[in-house]
Amino acid sequence: TTTTTTTTTTGTKKSATISVLQSLRLALFQIFYRIFLEYLVEKNLVPDFILRAGIRYNLRTKCLGRFKSNEDELQYEMDFIRGLKTKAVAVETNLANEQHYEVPTELYLHCLGSKLKYSCCLYELSSTSRRTLNEAEVKMMELYCERGEFKDGQEVLELGCGWGSLSLFLAEKYPNSRITAVSNSKTQKEFIDLRARERNITNLQIITQDLNVFKPPLGKNSYDRIVSIECFEHMKNYEVLFGRCEQWLKSGGEAKMFLHIFAHKTYPFHFIAENESDWMSKYFFSGGTMPSERMFAYFTTNKLHLKTQWRVNGKHYSKTCEDWLRKFDTNRKAVEPIIAQTYGKDLTTKWYVYWRLFFLSCSELFNYSDGNEWFVSHYLFEKC
């Protein structure tokens, strides 16, 4: 008995010592990281090859779930899904809006393609010919039309329309359809309305509203298609959101919902700024969600069922981000005054670096494991 007690006490002390050492190591790392970030990275003194190596290290050590068994891995995912059902439809919407969508549109004109598609584009991965960013934007939207089974004459509702790349594309491609799109950004609506007037598009309505409280103008049982491109990653309570979408879609078995999201193959997580290394969550994606690929199958309703789904290899998104970064750097002289106007003249270099880091990080994330770890998922849901 004495031996057992002594062994237990020794083991407890050893565990406590390890815990203290781990805490100390973490604290020292945070101090080093803050110094490295503030005095080197934010002053644009670190070359890209070092930044990319650091990003890949972060992906390996922080962003990949580590579990003792596949049983624990699945349990984590199920707990995560149950947790989502207790949250609001979306959180931190005002902060997320400020981080991206109320930033002057001129900034995006200097890095995105001609359609201003702020989401994954479609490239030729196996071909020696290189598709341009402008071509890749159009190719992905053509794929949406095919997979979403769009037809002329439909009532279409887009949730989260960005700068109108898809809304304008659908309105022109299907002149007898009526496109209604919602965004939480006034500047996005102003931009889309201007482009619609320039192109004499009259079958498009843009609404500015928070999706937490959004009610479509035609009400229930009114839409042939609902489409959303990289908007659901800003959402939380998909059970409530899917229930609303089911109500908005027409009855009769022909109405469908098409979703394009980025996802990890098995490991969902929330974007939460826990320390200085979580600058992505702090500055660019507050309140965001990294879904797992199969997660949305758990939010289908009595009438809204998953019909089919597809994968788009992550390399397509990596190439998209590399094109954005290349254009951003090429237009640096035009970009920096916009950054100065937005964040303050004294912070121009810092925020130029952070936008570059954002593009670099997203590129490395989606290129990880040859694009097979994080990627884009397409889903087609059908209302019976």
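A residue is called buried when its relative accessible area is under 20%, exposed when that area is over 50%, and partly exposed in between, with a 1.4 Å probe and protein chains only. The model is predicted, so local features need pLDDT of at least 70 and side-chain atom pairs count only at pLDDT 80 or more, while totals for chains, interfaces and linings use all residues. Residues are numbered from 1 along each chain as its sequence is written, and side-chain values use heavy atoms, with hydrogens and water left out.

**Exercise 1.** Characterise the salt bridge between glutamate 155 and arginine 178.

Solution. Start from the criterion, a side-chain nitrogen of Lys or Arg within 4 Å of a carboxyl oxygen of Asp or Glu; here the closest N and O atoms are 2.4 Å apart. Next, locate the partners among the DSSP runs (helices: H or I, at least four residues; strands: E, at least two; numbered from the N terminus): glutamate 155 belongs to strand S1 (residues 155–159) and arginine 178 to strand S2 (residues 178–183), 23 residues apart. Finally, glutamate 155 has a relative accessible area of 12% and is therefore buried, whereas arginine 178, at 48%, is partly exposed.

**Exercise 2.** Describe the pairing of glutamate 322 with arginine 52 and its wider setting.

Solution. The closest N and O atoms of this salt bridge lie 2.9 Å apart. It joins distant parts of the chain, since glutamate 322 is in helix H11 (residues 314–330) and arginine 52 in helix H2 (residues 48–63), 270 residues apart. Both glutamate 322 and arginine 52 are buried. Widening the view, a network of salt bridges links Arg52, Arg56, Glu322 and Glu364, and the whole structure holds 21 salt bridges.
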